[in-house]
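Colleague: Got a minute to go through this model with me? I have some short questions.
Modeller: Go ahead, with the structure open in front of us.

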Amino acid sequence: MMNYLDLYKDVIALDFEFVAADGERQRPICMVTKSLKTGGQTRLWVEEGMQCPLPLGPKYLYVAYFASAEWNCFLSLGWDLPTRIIDLYPEYRRMTNGAVGYATRSGYGLLAAAGAFGVATMDTNHKTDMRNLIMSGRPSSAEQQTDILEYCAEDVEITGNLFREMWPKIATDQLALTQALLRGRYTVAVAKMEFSGTPVDTELFAGLMLYWPELCLQLIEAVDQEYCIYEGSTFKQAKFDGWVAAQAIPWPKTDNGKLKLDEATFRQMSKSHTQVAALHELRVTLAQMRTLKLHIGADGRNRTLISPFAAKTGRNQPSTTKFIFGNSAWLRSLIKPEEGYGLAYVDYSSQEIAIAAALSGDPKMWQAYESGDPYMAFAIQAGLAPEGATKASHKEVRNRCKQIVLGVGYGMGAEALALGAGIHRVEANGLLNSHKMTYRVFWKWAEANQMHALMGEPLVTPLGWKIQLRGDPDPNDRSLLNWPMQSTGADIMRLAACMLTEAGVEVCCPIHDAFLVRFALAEEIDVIAKTTKLMVDASEIVMGQGYACRVDADIVRYPDRYMDERGEVMFSRVMTLLDMLRVKERPKPAHS
């Protein structure tokens, strides 16, 4: 086993205590560090303008738990950042990923991880009390400061002891250590993205909040003209049942025979039946705006935890209410660059298809991806459309094939594919079989992965993220078909985020397989070219030489705002209603 003290000049465990108001950058209060080589400790009450007292560079390994929080504090203080990092949070998640047991019951916090490795911890009630004291504001008394420093030192002691226990499982060989360091490197990129945040039109947001109760009623009235489902602000299921029957839509039902009304069902049905889209958008809007917790700082930036590594695939899982891209599509139109700046939504084109083709080595699937239209290519390869067919000439065939290709990427079965494509299950099953016949190499590889996983063997991505089923009596076998593509996509996104932020590109946030990038208008060409190249390079590094994902960029320049095409109609409708309410409340001029 490698000895970490032989590999580095010093190994330093650290922890900050800080205050983090909604949407604001972190305000550090204190920091404690401990050398795992000498046992020496530093306790520091943070003062504005303080210089970094820590040694940096590749000879020093820094250890933390959920390290992006510490690097946010570094950024707030204007300090340079470490270059060698082990974050025990993703390492613990990786070690327990797919297992049903202690971790799923106790969570993934520091104390839970320490408990799993037999490391002594503080009382959870004490931790809660101290966090409440810290979050209440900057402590005023010397006694409170001492208590907080002592509490922070306890966290550092636990972190150091946990690192010693986890190290043999982290650094099993040089490759495993390199991959762990890459995950640690990503925590710096996360901190930089959270520190930046996404620029938002705060004036418009304030207007929406001011008029929202009345806007809701007006919005329901405007949208419901097409459906006649609501009574006042109340959704009537009986009326919805009648509308669905009149439209002859094969709507999914619950076990007791009622139409499903959950958001996931509405989302899926709105994709396959366009007449459902406006109603779906209305329901999402009303549900989210009742408890809207969009975190916007005083500088007009939306900031919230990116929550890296939170999904089984290793993807980020930011809050769906606090994060602007987690909200209804039309609300994303609040995103607006400041004067002199622009934003670019830069995304990988059909990333999951490219990954599936590259990892499985299926030449036909890669040929379909390289064609630029993998959905039409599949239709032609499967004999569902003639050679030379295009999106314009065979639109319906392409749409159905698109649902199949994308659905396979998400592990859907014939029934879910039928709902998504708006076709009969028999036809969906036929298209699925055509996919299996056309891409035999992919399916042999995918089903072998699934079988290995169900037998309890680990699945591992090119950059080392892992899942291993243990203790689950009823695993989701379909998700295992999809896991390698989604998890490798997360690999690519993490590496790309590192490369972009280290190259000086300001990344506001990651969105599944895309980044929102901010740039000065005078630097637009250079920034977009750099971003595109680095994202393509990252995909080829992960997928292998000769396999690279295409990248598209949608540009928004001041004074324009970001617009998701799925939310354009609703945004326009809301703006019209908002203008009417403002005019209605405007004081009338006095007559002479």
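Colleague: Among contacts between residues at least 6 apart in sequence, what percentage join residues at least 24 apart?
Modeller: That share is 68% for the chain. Keep in mind that this is a predicted model.

Colleague: What radius of gyration does the chain have, and what would a compact globule have?
Modeller: The chain has 26 Å. A compact globule of 592 residues would be near 25 Å, so the value agrees with that. Along the principal axes, the C-alpha trace spans about 85 × 75 × 55 Å.

Colleague: How many helices and strands?
Modeller: The secondary structure comes to 22 helices and 15 strands.

Colleague: And how much of the chain is buried?
Modeller: Buried residues are 54% of the 592. The area exposed by the chain is about 26,800 Å², and 51% of that comes from carbon and sulfur atoms.

Colleague: Change of topic. How much space is in the second largest pocket?
Modeller: About 900 Å³. It is lined by 39 residues, and the closest to the centre are F18, Q26, F66, A69 and L305.

Colleague: Which element gives the most to that lining?
Modeller: Strand β1 does, with five residues of the lining of the second largest pocket. Elements that each supply at least two include α2 (68-77), α5 (110-116), α6 (124-135) and α7 (142-170).

Colleague: How does the lining of the second largest pocket divide by residue class?
Modeller: There are 17 nonpolar, 10 polar and 12 charged residues in it.

Colleague: F66 was in your list for the centre. What sign does its phi have?
Modeller: Positive, at about 60°, although F66 is not a glycine. F66 sits in the loop between β4 (60-64) and α2.

Colleague: Which residues does S307 touch?
Modeller: Leaving out residues up to four places away in sequence, S307 touches F66, E194, R315, N316, Q317 and P318. S307 is in the loop between β9 (301-302) and β10 (341-348).

Colleague: Why does S307 count as buried?
Modeller: Because its relative accessible area is 17%, and buried means under 20%.

Colleague: Back to β1. Is D15, which sits in that strand, buried or exposed?
Modeller: D15 is buried, with a relative accessible area of 11%. Not counting residues up to four places away in sequence, D15 touches C30, M31, V32, E70, C152, D155 and V156.

Colleague: How far apart are D15 and L432?
Modeller: They are 417 residues apart in sequence, and their C-alpha atoms are 51 Å apart in space.

Colleague: What about E157, where is that?
Modeller: E157 is in helix α7. At 31% relative accessibility, E157 counts as partly exposed. Between E157 and E17 there are 14 Å in space, C-alpha to C-alpha, and the two are 140 residues apart in sequence.

Colleague: Now cavities. How many are there of 30 Å³ or more?
Modeller: The count is two. The largest has a volume of about 70 Å³, and the second largest about 30 Å³.

Colleague: Which residues line the largest cavity?
Modeller: M193, E194, G197, T198, N302, R303, T304, I306, F323, C508 and C509. By class, that is five nonpolar, four polar and two charged. Helix α8 (174-196) and strand β13 (506-511) each supply at least two residues of this lining. E194 also turns up among the residues that S307 touches.

Colleague: And which residues line the second largest cavity?
Modeller: Q179, L182, R183, L463, D491 and R494. Helix α8 gives the most there, with three residues, and α20 (477-502) supplies at least two. The lining of the second largest cavity has two nonpolar, one polar and three charged residues.

Colleague: Anything odd in the backbone? For a start, what kind of peptide bond joins Y558 and P559?
Modeller: A cis one, with omega about 10°. P559 is in the loop between β15 (551-557) and α22 (568-585).

Colleague: And what is phi of A248?
Modeller: Near 55°, a positive value in a residue other than glycine. A248 is in the loop between α10 (237-247) and α11 (263-272). At 64% relative accessibility, A248 counts as exposed.

Terms used: Residues numbered from 1 in each chain as written. Predicted model: local features only at pLDDT ≥ 70, side-chain atom pairs only at ≥ 80, totals over all residues. Heavy atoms only, no water. 1 Å grid on protein atoms, 1.4 Å probe; cavity = no way out; pocket = protein on both sides within 12 Å on 5 of 7 lines; lining within 4 Å. Points joined across faces, edges and corners; volume = space filled by probe spheres on them. Helix = DSSP H or I, 4+ residues; strand = E, 2+ residues; numbered from the N terminus. Nonpolar A, V, L, I, M, F, W, Y, C, P; charged D, E, K, R; others polar. Rg over C-alpha atoms; globule rule 2.2 N^0.38 Å. Buried < 20%, exposed > 50% of the residue type's maximum accessible area, 1.4 Å probe, protein only. Contact = heavy atoms within 4.5 Å. Areas by Shrake-Rupley, 256 points an atom, 1.4 Å probe, with all protein chains shown as cover.
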